[in-house]
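Dear colleague,

I am passing on the structure that we spoke about, and I would be glad if you could look at it alongside the notes underneath.

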Amino acid sequence: LKGETVIREVKTRVNQCVFRKIVLTNYANKCAITGIDIPELLFASHIVPWSANEKYRLEPENGICLSALYDKAFDKGLIGINVDHKIIFSDSLKKKKNSEYFHKYFATIEDQEIIKAQKYLPRKEFLEHHLDTIFNKQVVV
């Protein structure tokens, strides 16, 4: 084995940085779940995924500021946000309720309302799309 460097052609998301700036500003540069305000740990999470609908990619109502753990859990459908802006858990995440990490990182946020956006609230249709197509679709082993 040898570590080498290769040149690859990649697709780049144009204006993703603008979307990130708008979303983070909309949430006062804080995770909408935890209030963490370390920019390096924050993501402008798409409610309707980038790949799912070109029209909504840069709409501020399609973004929620989440820290790394909750961004990934949201992307993978382990957590959802209902139209009342409350956090809900997938069946597979609920199966982990006896684990130490569940109590440490998840138990306290169930049914918690996310921090209110300053200007652009998550659009109801986008939240419904996430609940219908992503939430509760993954199985945790």
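The notes below cover the salt bridges, a nonpolar surface patch and the surroundings of one serine.

Please bear in mind that this is a predicted model, in which local features need pLDDT of at least 70 and side-chain atom pairs count only at pLDDT 80 or more, while totals for chains, interfaces and linings use all residues. Residues are numbered from 1 along each chain as its sequence is written, and side-chain values use heavy atoms, with hydrogens and water left out.

The structure contains three salt bridges, a salt bridge being a side-chain nitrogen of Lys or Arg within 4 Å of a carboxyl oxygen of Asp or Glu. In one of them Glu59 pairs with Arg123, with 2.5 Å between the closest N and O atoms. This pair links distant parts of the chain, since Glu59 sits in the loop between strand 1 (42-46) and strand 2 (63-67), and Arg123, 64 residues apart from it, in the loop between helix 4 (100-105) and helix 5 (124-133); helices (H or I, at least four residues) and strands (E, at least two) are DSSP runs, numbered from the N terminus. Arg123 also meets Glu61 in a salt bridge, at 3.7 Å from N to O. Glu61 lies in the loop between strand 1 and strand 2 and Arg123 in the loop between helix 4 and helix 5, so this pair ties together parts that are 62 residues apart in sequence.

Another salt bridge joins Lys124 to Glu128, the closest N and O atoms being 3.9 Å apart, and both residues lie in helix 5, four residues apart, which is about one turn of the helix. Lys124 is partly exposed at 47% relative accessibility, as is Glu128 at 31% (buried means under 20% relative accessible area, exposed over 50%, and partly exposed in between, with a 1.4 Å probe and protein chains only). Through shared partners, salt bridges join Glu59, Glu61 and Arg123 into one network.

Turning to strand 1, Ser45 is found there and counts as buried, at 1% relative accessibility. Leaving aside residues up to four places away in sequence, Ser45 touches Asn62, Gly63, Ile64, Leu66 and Asp71, where contact means heavy atoms within 4.5 Å.

On the surface, Ile36, Ile38 and Leu41 make a nonpolar patch of about 220 Å². Patches are made of residues with over 30% relative accessible area and no salt bridge, like charges being joined within 9 Å and nonpolar side chains (Val, Leu, Ile, Met, Phe, Trp, Tyr) within 5 Å; accessible areas come from the Shrake-Rupley method with a 1.4 Å probe, and for residues only the protein chains shown count as cover.

With best wishes
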